[in-house]
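Q: I would like to learn how to read a sheet and its surroundings from coordinates. Can we work through one case?

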Protein chains: 2
Amino acid sequence: MYSQSEENYLKVIFTLQKAEEAPVNTNLIAEKLSTKASSVTDMIKKLSAKDLLSYKPYQGVKLTETGRSIALKVLRKHRLWEFFLVDKLHYKWDEVHEIAEQLEHVKSDSLIDKLDYFLGLPKYDPHGDPIPDKDGNFAGEELISLKNMEIGERGILKGLKDSSNVFLKYLDRKNMVIDDQIEVVDIEKFDQSVLIKTNWETFYISEQVAKNLLIKRMNDEL
Amino acid sequence: MYSQSEENYLKVIFTLQKAEEAPVNTNLIAEKLSTKASSVTDMIKKLSAKDLLSYKPYQGVKLTETGRSIALKVLRKHRLWEFFLVDKLHYKWDEVHEIAEQLEHVKSDSLIDKLDYFLGLPKYDPHGDPIPDKDGNFAGEELISLKNMEIGERGILKGLKDSSNVFLKYLDRKNMVIDDQIEVVDIEKFDQSVLIKTNWETFYISEQVAKNLLIKRMNDEL
DNA sequence: AATATTTTTTAGTCTTATCTAAATTTATTT
DNA sequence: AAATAAATTTAGATAAGACTAAAAAATATT
Ligand SMILES: [Mn+2]
Ligand SMILES: [Mn+2]
Ligand SMILES: [Mn+2]
Ligand SMILES: [Mn+2]
């Protein structure tokens, strides 16, 4: 069994490792966990001694297979609980993260699989993030940032790069939800803002917003 | 916000205080929490400094109103989660306590009320223990121990004094569940064992078992 | 190549919650 | 009323996880 703190480190390192390919550095981890670099070094040593990650001083860390599989389990729990909170308790998508941060640490071999079944084996959490299954396999669709789409292309909003509450609330105000169809109508040369057309309206979003929307391209042949 | 440890102390002191009326003594708390008396003294001082209980050295402790209301909240959470685990995830009643011990410490003002509503505002947990409502009010029925019933009396099994897994499994083997009707057919003079009649069979239970079954008397006029 | 800056690690401290062993207080016997 | 036993508290230690300040290593700049 691993402590809450250990689990949080593994989870954060996993997501950082996913984003950048290189070894994950101390300061980044510290920032994501709102702690200090020295604390990170301490914990890194502990996790390294337990063979959950490999670590060369000053060279950053990389999860081992064991470390990765623990991180995936925590992520699975986090996302399933988020789904539960939204789908069954009718929370809004910007209200569930903090609660899931706590629920993800509940220890029980059977609990999460029973919850998964109860929820109908969902594939994505309320923010469009894929939920790893029992064996740690993701629903692997390659999503691209809306920023990388060209004029005329269409796709479906499937996930978010940024899931901060302030961004979630912005999307709420724009009435944008996961699974919306989106078409790129125009891209403003000056500031890279994007004119998009949803099922209901056509409006501009900033480059920063476009960057954080993950789209599943629609192949027009289907 | 209170730590898990603080919440566990308050909860245990509350239930002990309920059983015996006198101030709760150190050793009892230590035993219930599987810890040492010296640790209990330490924590007691901390809780006393926070005005959650009153404490005179060597004289045991008594919860303050604040302490009591926190204990009730924890109990409410514990029992609602147990209900969720049995009713929605289909756990058996002897499998839920350990998981609920963890879930009861999840912090969120809205979560437990939403869960309560989702579950249909249940009044009793799977072991027949009353679930305090939002304002800390119990469903107050006075239950009596089956041991105190007389020959010929009838009643309904509504709760257990002992909810240990070994007892719960015993009841499973006897096919006894909450809300069963029970009639006292005879009481053996020699060892106080009780011959009871349920809807399906008639059989003997030991005095010790009788002591731990809580019955709602059936007033025959209704 | 030498210097300056940034990143990371080490050293030492703190808090929370435990523990063991010893001292103290209260309760029970003789 | 002593003496003995039991319950409780104190004293001192330990472990996890965090922090600040200082040292060391790696990068970047002149
Ligand atoms: Mn989240
Ligand atoms: Mn999410
Ligand atoms: Mn329980
Ligand atoms: Mn219960």
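Q: In which sense do strand β4 and β5(A) of chain A pair, and over how many bridges?
A: Strands of a sheet pair through backbone hydrogen bonds, in either a parallel or an antiparallel sense. In this predicted model, β4 (residues 154–160) of chain A pairs with β5(A) in the antiparallel sense, over three bridges. As a register point, A:I156 stands opposite A:Q181 in β5(A).

Q: What packs on the sheet beside these strands?
A: Helix α7(A) does, touching β4, β7 and β8 (213–217) of chain A. The direction of α7(A) makes about 145 degrees with that of β4(A).

Q: What is the order of the six strands in chain A?
A: The open sheet runs β3-β8-β4-β5-β6-β7 in chain A, with antiparallel pairing. At its edges are β3 (144–145) and β7 (202–205) of chain A, each pairing on one side only.

Q: Which residues in the loop between α7 and β5 of chain A have a positive phi without being glycine?
A: A:N175 is one of them, with a phi of about 60 degrees; its place is in the loop between α7 (165–173) and β5 (181–187) of chain A. A:D179 lies in the loop between α7 and β5 as well, and has a phi of about 85 degrees.

Q: Are A:N175 and A:D179 exposed or partly exposed?
A: Exposed means a relative accessible area over 50%. A:N175 has 53%, so A:N175 is exposed. A:D179 has 49%, so A:D179 is partly exposed.

Q: How is chain A divided into domains?
A: Chain A has domain 1 (4–63) and domain 2 (144–217). Their centres, taken over C-alpha atoms, are separated by 32 Å.

Note on methods. Residues numbered from 1 in each chain as written. Chains lettered and ligands numbered in written order. Predicted model: local features only at pLDDT ≥ 70, side-chain atom pairs only at ≥ 80, totals over all residues. Heavy atoms only, no water. Domains from an automatic or database assignment. Helix = DSSP H or I, 4+ residues; strand = E, 2+ residues; numbered from the N terminus. Buried < 20%, exposed > 50% of the residue type's maximum accessible area, 1.4 Å probe, protein only. Pairing = 2+ DSSP bridges. Contact = heavy atoms within 4.5 Å. Axes fitted to C-alpha atoms, helices over the stretch in contact; angles between N-to-C directions.
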